[in-house]
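Work through the exercises below with the sequence and the structure at hand, and try each task before turning to its solution.

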Amino acid sequence: MSKQSLLEESQPLLPPPHSLTIILYPRKKKYPSCPTCKINFLKESELKHHLGEDQWAKHISNIHKNDYNCDECCLFFESEKGYMQHCGKVHETKYKYSKCTLCKKKFKNRYAVKFHMKQVHQKTTRSQCPNCGKEFYNKYLIPHHLQKCNKIQKKDIELSLEL
């Protein structure tokens, strides 16, 4: 027998070393941190390795005790609305489409219908351009419009100055 095989037989093999990244000066809001020693880690997997299986299970149940969880796909949601939207989009297969009661337009789920009602029929999400008063479905369309609107106003001013 060789010396190498004798060494392998006499000493049990050790698990490979595992490197952890500990965060000393956190730059983002939420790094995974150990509930007992308060060490911040870069990844959840590193915290899981630090805690071990039993403590990890307790830690996860404590974090998500007030959350809504989807038993089918093991996701957690902070609000009931988020959970309901998830169920409507992912798991609701009974209904092929949800329809708008006013215009009969079809949507994949009832939350999309609710948003459509607010945006199109009730007009609660509408915003107006401060320069020309043009109305938009939502406030996120206004900055792009303002670029065009400001150019048009500058041209009008230049034309009036020339006259």
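The exercises that follow concern a predicted model, and each task is followed by a worked solution.

**Exercise 1. The surroundings of H59**

Task: Determine in which helix H59 is found, whether H59 is buried or exposed, and which residues H59 touches beyond its neighbours in sequence.

Solution: Begin with the secondary structure, where H59 falls within helix α3, a helix that covers residues 53–63. Next take the relative accessible area of H59, which is 11%; since buried means under 20%, H59 counts as buried. Finally, leave aside the residues up to four places away in sequence, and the contacts of H59 are S33, P35, L47 and L51.

**Exercise 2. The largest pocket**

Task: Describe the largest pocket by its volume, by the residues closest to its centre, and by the elements and residue classes of its lining.

Solution: The volume of the largest pocket is about 310 Å³. Its lining is made of 14 residues, and those closest to the centre are K30, P32, E44, H59 and I63. Turning to the elements, two or more lining residues come from each of α2 (44–51) and α3, and the largest share, three residues, is given by α3. Sorted by class, the lining of the largest pocket has seven nonpolar, three polar and four charged residues. H59 therefore links this exercise with the one before, as a buried residue that is also among those closest to the centre of the largest pocket.

**Exercise 3. The second largest pocket**

Task: Find which residues line the second largest pocket, which element gives the most to that lining, and from which domains the lining draws at least three residues.

Solution: The space in the second largest pocket comes to about 180 Å³. Its lining consists of K81, Q85, K89, N109, Y111, A112, K114, F115, K118 and T125. When these residues are assigned to elements, α4 (80–91) and α5 (110–121) each turn out to supply at least two, while α5 gives the most, with five residues. By class, the lining holds three nonpolar, three polar and four charged residues. At the level of domains, at least three lining residues come from each of domain 1 (44–91) and domain 2 (98–148).

**Exercise 4. An aromatic pair**

Task: Explain why the pair formed by Y68 and Y83 is classed as stacked, and state which parts of the chain the pair ties together.

Solution: The structure contains two aromatic pairs. In the pair considered here, the ring centres of Y68 and Y83 are 6.3 Å apart and the planes stand at 20°; because planes under 30 degrees apart count as stacked, the pair receives that label. Y68 belongs to strand β3 (residues 68–70) and Y83 to helix α4, so the pair ties together parts that are 15 residues apart in sequence. As for accessibility, Y68 is partly exposed at 34%, and Y83 is also partly exposed, at 22%. Both tyrosines join F77 in one aromatic cluster.

**Exercise 5. Positive phi angles**

Task: Locate K104 and K123, and state what phi value each has.

Solution: K104, found in the loop between β5 (98–99) and β6 (106–107), has a positive phi of about 65° although it is not a glycine. With a relative accessible area of 55%, K104 is exposed. K123 lies in the loop between α5 and β7 (127–128), and its phi, likewise positive in a residue other than glycine, is near 60°. The relative accessible area of K123 is 46%, so K123 is partly exposed.

Definitions and conventions: Residues are numbered from 1 along each chain as its sequence is written. This is a predicted model: local features need pLDDT of at least 70, side-chain atom pairs count only at pLDDT 80 or more; totals for chains, interfaces and linings use all residues. Side-chain values use heavy atoms; hydrogens and water are left out. Helices (H or I, at least four residues) and strands (E, at least two) are DSSP runs, numbered from the N terminus. Buried means under 20% relative accessible area, exposed over 50%, partly exposed in between (1.4 Å probe, protein chains only). Contact means heavy atoms within 4.5 Å. On a 1 Å grid over the protein atoms alone, a cavity is a set of points where a 1.4 Å probe fits but cannot get out, and a pocket is an open set with protein on both sides within 12 Å along at least five of seven lines; lining residues have an atom within 4 Å of a point. Grid points are joined across faces, edges and corners, and a volume is the space filled by probe spheres set on the points. Ala, Val, Leu, Ile, Met, Phe, Trp, Tyr, Cys and Pro count as nonpolar, Asp, Glu, Lys and Arg as charged, and the others, Gly among them, as polar. Domain bounds come from an automatic or database domain assignment. Rings of Phe, Tyr and Trp (its six-membered ring) pair if their centres lie within 6.5 Å; planes under 30 degrees apart count as stacked, over 60 as edge-to-face and the rest as tilted.
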